[in-house]
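User: I'd like a close look at one buried spot in this protein, and then how that spot fits into the chain as a whole. Could you walk me through it?

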Amino acid sequence: MEFDDSLSTSMDDFAENIQDMDIPGELPMMAVRDVVVFNYMIIPLFVGRSGSISAVTEAMNGDKLLMLVTQKDATKDDPAPEDVYQVGMVSMIMRTLKLPDGRLKVLVQALSKAQIKSFKQKDPHFRVEVDLVEEEETGTVSVETEALMRTVREQTEKIMSLRGILSSDLMMIINNIEEPGRLADLVGSNLRLKIVESQQILETVDTVKRLRLVADLLNKEMEVAAVQAKIQSDAKEEMSRSQREYFLREQMQALKKELGDDDAYGQEIEGLRKKLKKKKMPKHARKVARKELKRLEMMHPDASEANIIRTYIDWILDLPWKKMSKDRLDLKIAAKVLDEDHYGLEKVKERILEFLAVRKLNKDTKGPILCFVGPPGVGKTSLGQAVARAMDRKFYRLSLGGMRDEAEIRGHRRTYIGAMPGRILQGLKNVKTSNPVFMMDEIDKIGADYRGDPSSALLEVLDPEQNSTFSDHYMNMPFDLSRVMFITTANRSDTIPGPLMDRMEVIRLAGYTLEEKMIIARKYLLPRQIKENGIKPRQIKLDDNTMRRIVSQYTHEAGVRNLERELGKICRKAARKIADGGKGPYTISKNTLDKYLGPPRFIPDAELDTLMQPGLAIGLAWTEVGGELLHIETSILAGKGKLILTGQLGDVMKESAQAALTYCRSRSKQLGVESGYFDTIDIHIHVPAGAIPKDGPSAGITMTTALYSAIVEKTLKKGVAMTGEVTLRGRVLPIGGLKEKALAALRAGINKIIIPFENEKDLVEIPKELRKQISFYPVKHMDEVVELALGKISKTVRKKRGCKKK
């Protein structure tokens, strides 16, 4: 889209047109940015602001005249009267063209300089009253003025030549101008000056003064242009000097080689060549290393790329391509090591021993990819260390929590400054073997942003069919990870992406029972705290009753992390007494435990006994920190049939509450209420604590039972908890995390749990000791739940104690 060449006119014709034109005293005004319009200029403008488009529209509908002034601050989109200069140009719109994006392309021709007297209108665009500024007639040009004009012409030619924008046509026009004012305006419009300086030229009325101002600005620009040219010349000279030094150094190296006086750089190259010859690596890696070493040998040691290549070769030589540690394949010794470090966790130990057995029979078997899922403190990370010790392998741990950059896994490309391989190859370099136990902690807490998705990069690492040819962006060659035993850990599995979850063998660590915690504390935690606090085992005594009290009344967790903290607190207080001169031994009993740990923080049995009342039911939840009790409270109020839900419930729990209400309405006859009863009451269901968000599909039967209990005004049986989802027809649906929920119930002193019938198969995963202490009641329908929790147990419901039927 271009304008016709016929729009160009000579300055003389243009001046004659101005004399004949009648310019009104009031005109629409448009503010322009980043340009000052001078006399005799024809300039295209892009108009996009609504006020500017409105001003152009008014001018086009009239005599096509427009007052153009320059903004003081180009960043303002909606300038006020004080934001524009008062002197501008009255211009004529010669052509307009509407662009596809809604803007206008306008070709304007400056007619006469003018000054704004007042603003007559502000919306939708400015209208201003203007006074034309008449130029003073110079008459005969004096000798001094002629000399000034020649100086301006010569300096303009020099500046444009230095900047590389010299035009013969423009210089011909400049040389033919005989009026000082016109020369000043033309040179000022082509100098690329600052807006303030260009506006100063425009506002100078006296033509000779204006030309002298332009000459001063030209002198300043000449100095800047000369310095700029010198800088460019020096840079070019420096490049020539560097090239000359490079050739001289190459000649010196050749002379030294002839004389047998090799330099340090040559010795370094030779050292790298010897390392490469001794290093065991695949053919493709050796080929790349030789190629890069040859490039480094041909390069100047001070070249920037030489350091990059040297670092890359070092990485090739440092990676354990074929170096492996020898596995301990004696299953009895491995089992003994696992039992020494961890109590229980039979399923995990069995899986490790299975791998060693297969490894003993098949040397080429690939490393397993395990994922330990469980609450904090159950020993996931320490279990990985025990696996490495049992197999006599090196161990490396990588924390993935909060990782958001894909380059952390795959590395950076060598084109970037400071590039390096990813954390996978860094770990293998540190352990110096290609078959370590590689633990990736907190895989469920990986992030993602504009730098990539690390979980997607892990798909190749944790896929046994792909990781034999893992390609790091920095190394840019395959590396075999199939010998590595990858173990990942997570607190919950639902936040792990599905494709990544599919590549791992998930082993769940639910938590520990009270007896297991006591054994762990006695066997592992207490001896470790005694050693760390500098005291001797004989100086502190803890009997089993005291240990049981610590576990049950001072901790409430699935793991043993807080238990170890409490034992550490006891050991520190004993250490202080010994440091003050005491000899001990110090016996911690039930009576003295309060002095060490303060009053008990958890008393579950007493709490449940006092809480039970109509409308209260106890559910079981499964969280990332293990199983938890869920108290659901229901109140019946006079009202109009509203259902009020509080406690920061998620969408799933809200739907469960709606299903519970529908079930109870369908059982109006069994409840002993009339059909319109629910329209006369409001039901309020609350799940403490209100500050904690809650959601999940396993609270349906608990909400229904609480609502049923509130309506019939009957308290649930003591020691009963439940878990399961409910449908509108009252069918009880299966849930997950049964073992974790059972452990939470046991910690709270609950010995009866109502579970979905389809979860009966999961009872085999629960330890026998736990099944002896808790009775499980599988149910298919909500009617059975009501009978078990509120009334006489139906004959059709089979009471379960452990896995045996009565």
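Analyst: Here is a look at one leucine, followed by the wider chain.

A quick word on the ground rules: this is a predicted model, where local features need pLDDT of at least 70 and side-chain atom pairs count only at pLDDT 80 or more, while totals for chains, interfaces and linings use all residues. Residues are numbered from 1 along each chain as its sequence is written, and side-chain values use heavy atoms, with hydrogens and water left out.

Let's start with L45, which sits in strand β2, residues 42-47. Strands here are DSSP runs of E with at least two residues, helices are runs of H or I with at least four, and both are numbered from the N terminus. L45 has a relative accessible area of 9%, so it is buried (under 20%; exposed is over 50%, partly exposed in between, with a 1.4 Å probe and protein chains only). What does L45 touch, leaving aside its neighbours within four places in sequence? The partners are M30, V32, L68, L104, K105, V106 and V108, with contact meaning heavy atoms within 4.5 Å. One of them, K105, is 60 residues apart from L45 along the chain, yet their C-alpha atoms are separated by 5.8 Å.

Now zoom out. In the protein chain, residues 24 or more positions apart account for 73% of the contacts with a separation of 6 or more. There are 28 helices and 26 strands, and 47% of the 806 residues count as buried. The radius of gyration is 43 Å, whereas a compact globule of 806 residues would have one near 28 Å; that value is taken over C-alpha atoms, and the globule rule is 2.2 Å times the number of residues to the power 0.38. Along the principal axes, the C-alpha atoms fill a box of roughly 125 × 100 × 60 Å.

For another buried stretch, go to helix α15, residues 423-431. Its buried residues are I424, L425, Q426, G427, L428 and V431. Just after α15 comes K432, with a positive phi of about 65 degrees.

Finally, the cysteines. C371 is buried because its relative accessible area is 0%, and C571 counts as buried at 0% too. How many disulfides does the model have? With the rule of a pair of cysteine sulfur atoms within 2.5 Å, the count is zero.
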